[in-house]
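I set out to read this structure element by element and to record each look-up as I made it. The entries below follow the order in which I worked.

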Amino acid sequence: ISREMGVERFIHLSYLNAEENPVPLVMKKPSMYKISKYLGECAVKEEFPTATIIRASDIYGSEDRFIRSFATFWRLHSHFMPLYKDGKETIKQPVYVSDVAAGIAAAARDPDTRCQVYQAVGLTQTERNADEVTGNV
């Protein structure tokens, strides 16, 4: 539809680590979510070979579901948060929604971003183990 409507510049928002064969981290099978994002990128590139792909980490902002899901679980379960491998291998680098929007706007203005893939992540990594999260250090 975009091609038919005359769209000349296409910027696609995907997900961090989208790839055809992602390495399974927690489950025994590869992430179908990451595979589906990769296939979406392929479909975009087929129709718009000069598209810019932005692979964003978890995006947060006011009233978002990412932070709220952690806070809700934390409140409901007496300040307990189950993390993969006790959090020792749990790394999140969420990115603020306004930063992603600014990146998209910058890419739209800069013709040198055509055919490029960018990773959009937050400024700092959040890596915690369960003891640090609960304050039992």
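**Entry 1: Helix 1**

I began with helix 1, which covers residues 32–47. At 1.5 Å a residue, its 16 residues should span 22 Å, and I found its end C-alpha atoms 23 Å apart, which agrees. I note here that the model is a predicted one.

I then asked which residues of helix 1 are buried. They are Lys34, Ile35, Glu41 and Val44. An α-helix has 3.6 residues a turn, so residues three or four places apart point the same way. I looked up what the buried residues of helix 1 pack against, and found strand 1 (11–15) and strand 2 (52–56).

**Entry 2: The protein as a whole**

I next recorded the overall plan. The protein has four helices and seven strands. From the N terminus on, I read the order of the elements as β-α-β-β-α-β-β-α-β-β-α.

The chain holds 137 residues, and 25% of them count as buried. Its accessible surface is about 9,800 Å², and carbon and sulfur atoms account for 55% of that. I also looked at contacts between residues at least 6 apart in sequence: 76% of these join residues at least 24 apart.

**Entry 3: Strand 2 and its partners**

I turned to strand 2 and asked how many of its residues are buried. Five of the five are, so strand 2 is largely enclosed by the rest of the structure. In a regular strand the side chains alternate between the two faces of the sheet. I therefore listed the two sides of strand 2 separately, and both are covered. Thr52, Ile54 and Ala56 are buried on one side, and Ile53 and Arg55 are buried on the other.

Which way do strand 1 and strand 2 run relative to each other, parallel or antiparallel? They run parallel and are joined by five bridges. Among the pairs, I found Leu13 bridged to Ile54 of strand 2, and Ser14 bridged to Arg55 of strand 2. Together with helix 1, these two strands make a β-α-β unit, which is right-handed.

Strand 2 is also joined to strand 6 (residues 117–120) by four bridges, and this pair runs parallel too. Here the bridge partner of Ile54 is Tyr118 in strand 6. Ile54 thus appears in my notes twice, with Leu13 as one bridge partner and Tyr118 as another.

**Entry 4: Thr52**

I chose Thr52, in strand 2, for a closer look. Its relative accessible area is 0%, and Thr52 is therefore buried. I found a polar contact of 3.0 Å between the side chain of Thr52 and the side chain of Arg9.

I then listed the contacts of Thr52, leaving aside neighbours within four places in sequence. They are Arg9, Phe10, Ile11, His12, Ala107, Thr113, Arg114, Cys115, Gln116 and Tyr118.

**Entry 5: Arg3**

My last look-up was Arg3, which lies in the segment before strand 1. Is Arg3 buried, partly exposed or exposed? Its relative accessibility is 40%, so Arg3 counts as partly exposed; the cut-offs are under 20% for buried and over 50% for exposed.

Not counting residues up to four places away in sequence, Arg3 touches Glu47, Phe48 and Pro49. I noted that Arg3 and Phe48 are 45 residues apart in sequence, while their C-alpha atoms are 8.0 Å apart in space.

Key. Residues are numbered from 1 along each chain as its sequence is written. This is a predicted model: local features need pLDDT of at least 70, side-chain atom pairs count only at pLDDT 80 or more; totals for chains, interfaces and linings use all residues. Side-chain values use heavy atoms; hydrogens and water are left out. The expected span of a helix is 1.5 Å times one less than its number of residues. Buried means under 20% relative accessible area, exposed over 50%, partly exposed in between (1.4 Å probe, protein chains only). Contact means heavy atoms within 4.5 Å. Accessible areas come from the Shrake-Rupley method with a 1.4 Å probe; for residues, only the protein chains shown count as cover. Two strands pair if DSSP finds at least two bridges between them. A crossover is right-handed if, with the strands pointing away from the viewer, the path from the first strand over the helix to the second runs clockwise. A polar contact is a pair of N or O atoms within 3.5 Å; within protein, one must be able to donate a hydrogen and the other to accept it, and residues adjacent in sequence count only if both atoms are side-chain atoms.
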